Amino acid sequence: GPNPWQKEQPTKAMEKAHDLIRLAAAAGFAKIHLDASMPLAGETYGKNFDDHGIAERQADLAAIAEESWTAPSPNATWKPSRKSTAVRNCLSCMCRV
């Protein structure tokens, strides 16, 4: 979701969140945390941001993930270890890439 870009305007922050989700899904990540519950720049919960807005953003991110997801190749030789699986599934780590 847009968590790393909370200080940016909603349109820009969500564009970046879309890109992040698109890249993660296309890379074959099967577990992606879609959290859009945080207000972005200029938003205040209960005033111009509410549960309906959160649900719309999360549904949008889910649709992008579904459209972009690529199953890992059955011929892949790399097998994740327990530690690498935890790192791969941590989108907050990916945001720093």
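In what order do the elements of the protein run from the N terminus on? They run α-α-α-α, and the legends below walk through several close-up views of this predicted model.

**Figure 1. The whole chain, a protein with 4 helices and 0 strands.** Before zooming in, here is some context for the close-ups. The protein has 97 residues, of which 29% count as buried. If we take contacts between residues at least 6 apart in sequence, 64% of them join residues at least 24 apart.

**Figure 2. Helix 1, residues 10-26.** Let us start with a check of the helix length. The end C-alpha atoms of helix 1 are 24 Å apart, which agrees with the 24 Å that its 17 residues should span at 1.5 Å a residue. Which residues of helix 1 are buried? They are Pro10, Ala13, Met14, Ala17, His18, Leu20, Ile21, Ala24 and Ala25. Looking down the axis of helix 1, you will find these buried residues within an arc of 165 degrees, so they line one face of the helix. The face turned away from that buried side carries Thr11 and Leu23, both exposed. After helix 1 comes Gly28, a residue with a positive phi, near 100 degrees.

**Figure 3. Helix 2, residues 51-68.** Helix 2 has 18 residues, and the distance from its first C-alpha to its last is 26 Å, close to the 26 Å expected at 1.5 Å a residue. Buried in this helix are Gly53, Ile54, Arg57, Leu61, Ile64, Ala65 and Ser68. Their arc around the axis is only 110 degrees, which puts them on the same side of helix 2. On the other side of helix 2 you will meet the exposed residues Asp51, His52, Glu66 and Glu67. And what do the buried residues of helix 2 pack against? Their partner is helix 1, which brings us to the next view.

**Figure 4. Where helix 1 passes helix 2.** The axes of the two helices come within 8 Å and cross at roughly 30 degrees, and the crossing is right-handed. From helix 1, the residues taking part are Pro10, Met14, Ala17, His18, Ile21, Arg22, Ala25 and Ala26, and they meet Arg57, Asp60, Leu61, Ile64, Ala65 and Ser68 in helix 2. Sorted by class, this contact has 9 nonpolar, 2 polar and 3 charged residues. Several of these names will be familiar from the earlier views: Met14 and Ile21 are among the buried residues of helix 1, while Leu61 and Ile64 are among those of helix 2.

**Figure 5. Lys7 and the loop residues Gly42 and Glu43, seen through their C-alpha distances.** Lys7 lies in the segment before helix 1, whereas Gly42 sits in the loop between helix 1 and helix 2. How many residues apart in sequence are Gly42 and Lys7? They are 35 residues apart, yet 8.5 Å apart in space, C-alpha to C-alpha. Lys7 and Glu43 are 36 residues apart along the chain, with 10.0 Å between their C-alpha atoms. Are Lys7 and Gly42 buried or exposed? Lys7 counts as exposed because its relative accessibility is 81%, over the 50% cut-off. Gly42, at 66% relative accessibility, counts as exposed too.

**Figure 6. Pro39 and its surroundings in the loop between helix 1 and helix 2.** Pro39 has a relative accessible area of 30%, so this residue is partly exposed. Which residues is Pro39 in contact with, leaving aside its neighbours within four places in sequence? The answer is Gln6 and Phe49. A further pair to look for in this view is Pro39 and Asn3: the two are 36 residues apart along the chain, and 8.9 Å separates their C-alpha atoms.

Technical notes: Residues numbered from 1 in each chain as written. Predicted model: local features only at pLDDT ≥ 70, side-chain atom pairs only at ≥ 80, totals over all residues. Heavy atoms only, no water. Expected span 1.5 Å × (residues − 1). Buried < 20%, exposed > 50% of the residue type's maximum accessible area, 1.4 Å probe, protein only. Arc of directions from axis to C-beta. Axes fitted to C-alpha atoms, helices over the stretch in contact; angles between N-to-C directions. Left-handed = near helix turned anticlockwise from the far one by under 90°. Contact = heavy atoms within 4.5 Å. Nonpolar A, V, L, I, M, F, W, Y, C, P; charged D, E, K, R; others polar.
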